[in-house]
Amino acid sequence: FYAHSSSLNYSFGLVVRAQSTTDINAFNGYYVAFRGQNNSFGIYRNVVTNTDLGTQLASQSVSGGLNNSTLYRISTTLVGSSITAEFHSWNTVTETWTSLASLSATDATYASGGFGFRNGMQGSTRGVYWQDLQVYSVIPEPGQVALVLGALVLALAVWRRRSQAAA
């Protein structure tokens, strides 16, 4: 995301494994967020009855907060009950991503669900612009499974033929 203002005194981030979404605060799922109120980055478990970010699972202070006109990246990985999240800023001098925070948590409350963005903006404030959402799945496609199984069957047939020829 791109920070349009350095005075971002609200929370924004990624909603993952979201279920029962009725509005910005009323959802079941996880939320990976930067909080401008205290310059922290965290992983939260939310339930529909919460009025803010829910239960904090992990958090880390981000020294200095955000800078105006800077590109940032939030990434998260969910595998089973393991949740990892990273927060980076783009260094225009070295043209590389600089790590600002790296978190991990374990929670098995939500095993699946949707995803999205959350901007906790107030009024007409435009503080961040989202771009380049990328979602990856580690579940293999059926064609990939068939290809691997076919290769294993072929390898087994070759091994068996060689074993019989040697005997």
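**Exercise 1. Work out whether Leu152 is buried or exposed, and which surface patch Leu152 helps to make.**

Step 1: Start with the accessibility. Leu152 has a relative accessible area of 53%. The cut-off for exposed is over 50%, so Leu152 lands in the exposed class. Keep in mind that this is a predicted model.

Step 2: Place the residue. Leu152 sits in helix H1, residues 142–166.

Step 3: Look at the partners. Val148, Leu149 and Leu152 make a nonpolar surface patch of about 290 Å².

**Exercise 2. Sketch the chain as a whole: which elements does it have, and where is the confidence lowest and highest?**

Step 1: Count the elements. There are 1 helix and 10 strands.

Step 2: Put them in order. Reading from the N terminus, the pattern is β-β-β-β-β-β-β-β-β-β-α.

Step 3: Check the confidence. The mean pLDDT of the chain is 79, with 74% of the residues at 70 or more. Strand S1 (residues 2–3) has the lowest confidence, a mean of 60, while S8 has the highest, at 94.

Step 4: Add burial and surface. Of the 167 residues, 31% are buried. The chain exposes about 10200 Å², and carbon and sulfur atoms supply 53% of that area.

Step 5: Finish with the contacts. Among contacts with a separation of 6 or more, 53% come from residues 24 or more positions apart.

**Exercise 3. Find the salt bridge and say which parts of the chain it links.**

Step 1: Get the count. The structure holds 1 salt bridge.

Step 2: Name the pair. Asp107 and Arg45 meet through their side chains, with 2.3 Å from N to O. The cut-off is within 4 Å, so this distance qualifies.

Step 3: Map the ends. Asp107 is in the loop between strand S8 (96–106) and strand S9 (114–119), Arg45 is in strand S4, and the two are 62 residues apart.

Step 4: Add the environment of Asp107. Its relative accessibility is 9%, so Asp107 counts as buried.

Step 5: Recall the background. Side chains of opposite charge can pair when their charged atoms come close.

**Exercise 4. Classify two aromatic pairs, Tyr30 with Tyr110 and Tyr72 with Phe87, as stacked or edge-to-face.**

Step 1: Pick the descriptors. A pair of aromatic rings is described by the distance of the centres and the angle of the planes.

Step 2: Get the total. The count comes to 6 aromatic pairs.

Step 3: Take Tyr30 and Tyr110. Their centres are 5.3 Å apart and the planes make 75°. Edge-to-face needs over 60 degrees, so the pair is edge-to-face.

Step 4: Locate that pair. Tyr30 belongs to strand S3 (residues 28–35) and Tyr110 to the loop between S8 and S9, which puts them 80 residues apart. Both Tyr30 and Tyr110 are buried.

Step 5: Now Tyr72 and Phe87. With centres 5.7 Å apart and planes at 15°, the pair is stacked.

Step 6: Locate this one too. Tyr72 is in strand S6 (residues 70–79) and Phe87 in strand S7, so the pair ties together parts 15 residues apart in sequence. Tyr72 and Phe87 are both buried.

Step 7: Widen the view. Tyr72 and Phe87 belong to one aromatic cluster together with Phe12, Phe34 and Phe41.

**Exercise 5. Describe the surroundings of Asn28 and Val48: which residues does Asn28 touch, and how far is Val48 from Ala26?**

Step 1: Place Asn28. This residue is found in strand S3, and its 18% relative accessibility makes it count as buried.

Step 2: List the contacts. Leaving out residues up to four places away in sequence, Asn28 touches Arg17, Ala18, Gln19, Ser20, Asn46, Val47, Val48 and Tyr110.

Step 3: Follow Val48. It is in the loop between strand S4 (40–46) and strand S5 (55–61), and at 36% relative accessibility Val48 is partly exposed.

Step 4: Check the spacing. Val48 and Ala26 are 22 residues apart along the chain, with C-alpha atoms separated by 4.3 Å.

**Exercise 6. Compare two serines: is each of Ser89 and Ser61 buried or exposed, and what is each in contact with?**

Step 1: Take Ser89, in strand S7 (residues 82–91). At 14% relative accessibility, Ser89 counts as buried.

Step 2: List its contacts. Beyond neighbours within four places in sequence, Ser89 is in contact with Thr70, Leu71, Tyr72, Thr96, Trp97, Thr98 and Leu100.

Step 3: Turn to Ser61, in strand S5. Its relative accessible area is 55%, so Ser61 is exposed.

Step 4: List the contacts of Ser61. With neighbours within four places set aside, these are Asn39, Ser40 and Leu100.

Definitions and conventions. Residues are numbered from 1 along each chain as its sequence is written. Side-chain values use heavy atoms; hydrogens and water are left out. Helices (H or I, at least four residues) and strands (E, at least two) are DSSP runs, numbered from the N terminus. Buried means under 20% relative accessible area, exposed over 50%, partly exposed in between (1.4 Å probe, protein chains only). Patches are made of residues with over 30% relative accessible area and no salt bridge: like charges are joined within 9 Å, nonpolar side chains (Val, Leu, Ile, Met, Phe, Trp, Tyr) within 5 Å. Accessible areas come from the Shrake-Rupley method with a 1.4 Å probe; for residues, only the protein chains shown count as cover. Contact means heavy atoms within 4.5 Å. Rings of Phe, Tyr and Trp (its six-membered ring) pair if their centres lie within 6.5 Å; planes under 30 degrees apart count as stacked, over 60 as edge-to-face and the rest as tilted. pLDDT is the predictor's confidence in each residue, from 0 to 100.
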